[in-house]
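User: I would like to go through a protein model with you, one topic at a time. Could we start once it is on the screen?

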Amino acid sequence: MALPVPMLLAVQEMPVEISGADTAWLLVSTALVLLMTPALGFFYGGLVRSKNILNTLMMSFASLGVVGVAWALLGYSLAFAPGSAWIGGTDYALLSGVGLSGAPAASTVPHVLFMAFQGTFAIITAALISGAVVERMRFGPYLVFIGLWSLVVYAPIAHWVWGGGWLGSLGALDFAGGTVVHVNAGIAAVVAALVVGARQDYGRRALLPHNVTYALLGAGLLWFGWFGFNGGSALGATETAALAFVNTMLAPAATLVMWMILDSLRDRKITAVGAATGIVVGLVAVTPAAGFIGPVAAIVLGAVAALPSYFIILYRSRTRLDDSLDVFAAHGVGGAAGAVLTGVLAAEVWGGAAGPMDGNTGLILTQIIAILGAAAYSAVATLVLLKVLGVFMPLRRTVAEEGVGLDVVLHGEEGYAKGEGAVLVRP
Amino acid sequence: MKLIVAIIRPDKLSDVLEELYRAKVRGLTVSPVQGHGGELEKVETYRGMTVKMELQEKVRLEIGVSEAFVERTVKAILDAAQTGQVGDGKVFVLSVDNVHRIRTGEVDEQAVTPMSEGAAV
């Protein structure tokens, strides 16, 4: 059979140790994680006003494009190519050397697949930040921001932990991105909310979710996709993947139960927005721990992690900080709580990493160093990036346009157009 | 007594309600409507189809008031709903033949007088 020449060469280069099972699982996981970004769009979109639904959805969907391309061209190399303790090199820029043979970080799956799997993480991390600036930020600057942010902020921090950087060498545990994805995005969100500023009506009007059903739909799809996020981070169809998968089911379940208890104690009513939020917080919290702790520990982790996020959400809305969809409370605080609890609950018998119960009491401190290091870099780099961007392009539209709604003003569309009175200009 | 009908921008509704509340105007009806007030058409594009949206989303307020409340009600709406751009809307003040309060059967001025003041008379 005559194979096209490049294909033939690639097949010859492929070492025998590529595993069909590992590759199959990572293929599925990549698709699962990719779905999380549209799911996030619906989670966020349901929580904003109807006049901004398309803009909010597009902030997530656009990341699939902008960050997806930026990752392939440069981001992957800066995160995973051999480099210093601080940032990867440019060996894999433009995907050079990223072929069908085993990935250096995961030798049983094709390198190109590993790149794509990691790309889905960069995409959703950038999209997470949008929750802090919805209903007011201009779309052009947002696109430039997330594209550059994925290169300047996400890629280095991913390198620190997973690409052979200083946090990995220090022994910090971050199974699927509690620090790299969630602490990082949560801190960037606070900075973005401060630099872009509060919505015009924030603190003066009730800014209500326009479609709580979307928020629940999004939370459900996020949970589904998260099985790939955490289970896939085992980088193979292994026992660890099974553990991470099961923990991804149990920890958010416990967070959801705890969230409903807290809701009913506070107001005697269990809220749907609260349930959706609780699920996301549980998923965030188990992310750094998924492959390192036992299933009963995951239930403990999920339940405990509900507490700080729950109360910070209540507190935040009384402040002037318009982190509109509580990215900091859900992802920053949930991610940090999960990372610290990873340091408490990690057990050698489950995940192979020694925790305090195995005598490695220093792990908790290492985890805290990792959280603070990532948070500090994310805060400073995001601030500089947004301030510089703000010099070249205004980050917001006028007050009047914000009142009309960003769907019409920025996108020339309406999420719920009735079509009455619409006159065809060009068929 | 008069019936005040106001057509305003939807994003000004909260401001208007707040101003009416401050003016102690109670009892009103709000409905979402579509209309055209001479403003530039919005152009929207869906795939290859470009459309001019001739009708804009507006909100209609209907407020039945006693004579003493006419001026302050109109002023509250004008103050709160104005942006200075075309499309801010209109306020109509209409004469009313009869008003009946369904609950008590009161008619005319009594029927559009807020309960607290009515009780004082």
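User: Is A:Arg396 buried, partly exposed or exposed?
Analyst: This is a predicted model. In the model, A:Arg396 is partly exposed because its relative accessible area is 23%, and partly exposed covers the range between 20% and 50%.

User: Which residue forms a salt bridge with A:Arg396?
Analyst: The partner is A:Glu402, and the closest N and O atoms are 2.8 Å apart. A:Glu402 is buried, with a relative accessible area of 6%.

User: Why can side chains like that pair?
Analyst: Side chains of opposite charge can pair when their charged atoms come close.

User: How many salt bridges are there over all chains?
Analyst: A search of the whole structure finds 20.

User: What about A:Glu135, with which residue does it form a salt bridge?
Analyst: A:Glu135 forms one with A:Arg49, where the closest N and O atoms are 3.0 Å apart. This pair links distant parts of the chain, 86 residues apart: A:Glu135 is in the loop between α4 and α5 of chain A, and A:Arg49 is in the loop between α2 and α3 of chain A.

User: Why does A:Glu135 count as buried?
Analyst: A:Glu135 counts as buried because its relative accessibility is 1%, and buried means under 20%. A:Arg49 counts as buried too, at 14% relative accessibility.

User: Which side chain meets A:Asp201 in a salt bridge?
Analyst: The side chain of A:Arg49 meets A:Asp201, at 3.5 Å from N to O. Here the two residues are 152 apart in the chain, with A:Asp201 in the loop between α7 and α8 of chain A. Both A:Arg49 and A:Asp201 are buried.

User: Which residues are linked in a network of salt bridges?
Analyst: The network links A:Arg49, A:Glu135, A:Arg136, A:Arg199, A:Asp201, A:Arg204 and A:Asp322.

User: Let us change topic to pockets. How much space lies in the largest pocket?
Analyst: About 1,700 Å³ of space lies in the largest pocket. It is lined by 45 residues, and the closest to its centre are A:Lys51, A:Gly403, A:Val404, B:Pro10 and B:Asp11.

User: Where does the largest share of that lining come from?
Analyst: The largest share comes from α15(A), which gives six residues. Among the other elements that supply at least two residues each are α16 of chain A and α1 of chain B. By class, the lining of the largest pocket has 16 nonpolar, 11 polar and 18 charged residues.

User: And what is the volume of the second largest pocket?
Analyst: The volume of the second largest pocket is about 880 Å³. Of its 34 lining residues, A:Val273, A:Ile313, A:Arg316, A:Ser317 and A:Asp326 lie nearest its centre. The elements that give two or more residues to this lining are α2, α9, α10, α11 and α12 of chain A. The lining divides into 18 nonpolar, seven polar and nine charged residues.

User: You mentioned α9. How many residues does helix α9 of chain A have?
Analyst: Helix α9 of chain A has 29 residues and reaches 42 Å from its first C-alpha to its last, close to the 42 Å expected. Just after α9(A), A:Arg268 takes a positive phi of about 65 degrees.

User: One last topic, chain B. How many bridges join strand β3 to strand β4 there?
Analyst: Five bridges join these strands of chain B, and the strands run antiparallel. B:Val43 stands opposite B:Lys52 in β4(B). The hairpin has two residues between the strands, and B:Arg47 in this hairpin takes a positive phi near 50 degrees.

Technical notes. Residues numbered from 1 in each chain as written. Chains lettered and ligands numbered in written order. Predicted model: local features only at pLDDT ≥ 70, side-chain atom pairs only at ≥ 80, totals over all residues. Heavy atoms only, no water. Helix = DSSP H or I, 4+ residues; strand = E, 2+ residues; numbered from the N terminus. Expected span 1.5 Å × (residues − 1). Pairing = 2+ DSSP bridges. Salt bridge = Lys/Arg side-chain N within 4 Å of Asp/Glu carboxyl O. Buried < 20%, exposed > 50% of the residue type's maximum accessible area, 1.4 Å probe, protein only. 1 Å grid on protein atoms, 1.4 Å probe; cavity = no way out; pocket = protein on both sides within 12 Å on 5 of 7 lines; lining within 4 Å. Points joined across faces, edges and corners; volume = space filled by probe spheres on them. Nonpolar A, V, L, I, M, F, W, Y, C, P; charged D, E, K, R; others polar.
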